[in-house]
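I opened this one to get my bearings before going back to the bench. Below are my notes, in the order I looked things up.

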Amino acid sequence: MIAHIVFILATLATIGVFAFTASKIFANIKMLKKPYSISNVGERVGLLFKVVLGQSKIFRLPLVGFMHALVLWGFIFILVGSLEMVLDGFIGVPFDKMAENDRVLHFLGIVYDIIIAGGDISAFIILVLIIMFLVRRNLMNIKRFTGSELRHKDHKDATFALFLILMLMASLLGMNAGYVANKGLYGIFPVSSIIAGFIPSDAAHLIEMISWWTHILLIFFFANYLPFSKHFHVFMSTPNVYFSRTEPLTKMRAMESVTNEVKLMMDPDAAFEEPEETDEEPERFGMKDVEDGTWKNYIDSLTCTQCGRCTSVCPANQTGKKLSPRKVILDYRRRMEEKSPKLRKEGKSYDDGKALYSDYTSFEELWACTTCNACAQECPMNIDHPSLILELRRYIFMEESAAPSLINMMSTNIENNGAPWQYSAADRLNWADELYINE
Ligand code: SF4
Ligand code: SF4
């Protein structure tokens, strides 16, 4: 009875803390602009199957990709088992009805057997893979896992999260093995049945209960740790991929209000045309700080796993420039973490004297980007770095007129001469004077 009450209180506390964290994230999302129209549901669902479930981008590195895909697919089985544990806990199955060996979902029959067997095998596979990931991350010198943007606490977070998953899998196997040794009636446990052979029958119940509690409390802790970790992608990858840009990556987003101005300038007749639907009058051209961004920029930053695949394919980074697309994304998340509590309280007018540009992301980094889109193409989470970079550059260009001198000169020429060169339109054919074509 006491155990049952403790479980219910722990579950409610977990839900409460998670809801509190989620409410802050939603408040931040609400504060930001809409990125683009979120229609074409069919295409977006297709993306989920391809990029999230099919892990299509992860497989570009076949071996590591396969290892990661196994972890994801395994988690799907384990998730159902975890759901059953929570339901069991609420009903009191593991505490009061242990003698009956009852389990909430066993009525699913063969499906239940497949899920439980899949979860048991997956737990073992994930356990082995996590050990390999830990060795790879901590003992092998993988360039992708290094970079000045990764702080000591980021490395510690990555290792800690892997360790938590390792403990989750070990406790799951311990629980299953204890259950089998305790003569549990339901489910098939291919791996745990072997482990159960080493468990004395008088210790089986104790091992099952210790593992059960360890596993469920770790799940509760993990769920509330994730929003502060790079492993938040466990939750965020699905929404982030769903809300991906579906237009070609290379398409640069024009500001409709500016486009209309230019159209008017080039063609005065356009003044009499029906005006196109436009965004609201922009408060700012481009992005100076996080509140000028869209909520997709924000959820991109929450989804980043810090894997470094983007930076490893960035031509600017690979030729020694200061730019790292991973850093640009992490800068946004860190600046949001710093500023959002006050933004939520005091509104967008809050100013702490700092900004994303240039206290976090510098001029040199931003203008090193070639807009090749290799980073966005490679990112397994469909994060869109170039859009963020372009918005920051748009601010520098349009509000501070501080773009690199060649770009400033070119835009002045376009404004004055209608062409990027320094000559007036009337002089355009001067070059032909010397060709004597009229003689
Ligand atoms: S932005 Fe994407 S590719 Fe780059 S580190 Fe983050 S998850 Fe990896
Ligand atoms: S778009 Fe910019 S940041 Fe991304 S890979 Fe190309 S150069 Fe690097």
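How far apart do the C-alpha centres of domain 1 and domain 2 lie? I get 34 Å between them. I should jot down here that this is a predicted model.

**Domains.** I took the bounds from the domain assignment, which gives residues 2-232 as domain 1 and residues 283-417 as domain 2. Next I looked at where they touch. On the domain 1 side I count 19 residues in contact, and they meet 26 residues of domain 2. Helix α1, residues 2-31, gives the largest share of that domain 1 side, with four residues. I also sorted the domain 1 side by character: ten of its residues are nonpolar, seven are charged and two are polar.

**Overall build.** I went through the secondary structure and found 19 helices and zero strands. For the outline, I laid a box along the principal axes, and the C-alpha atoms fill roughly 110 × 45 × 40 Å. The radius of gyration comes out at 28 Å, whereas a compact globule of 439 residues would have one near 22 Å. I then checked burial, and 29% of the 439 residues count as buried. As for contacts with a separation of 6 or more, I find that 73% of them join residues 24 or more positions apart.

**Ligand 2.** Which residues come nearest to ligand 2? I noted C314, P325, C369, C372 and C375, out of the 14 residues around it. Three helices each supply at least two residues of this shell: α13 (315-318), α17 (374-378) and α18 (385-398). I was curious about charge, so I sorted the shell as well. It has ten nonpolar residues, four polar ones and no charged ones.

**V86.** I picked out V86, which sits in helix α3, residues 62-91. Why does V86 count as partly exposed? I find 16 C-beta neighbours inside 10 Å of V86, and a residue needs 20 or more to be buried but 12 or fewer to be exposed, so V86 falls in between. I also checked V86 against K327. The two are 241 residues apart in sequence, and their C-alpha atoms are 38 Å apart in space.

Definitions and conventions. Residues numbered from 1 in each chain as written. Chains lettered and ligands numbered in written order. Predicted model: local features only at pLDDT ≥ 70, side-chain atom pairs only at ≥ 80, totals over all residues. Near = placed C-beta within 6 Å. Nonpolar A, V, L, I, M, F, W, Y, C, P; charged D, E, K, R; others polar. Domains from an automatic or database assignment. Contact = placed C-beta atoms within 7 Å. Rg over C-alpha atoms; globule rule 2.2 N^0.38 Å.
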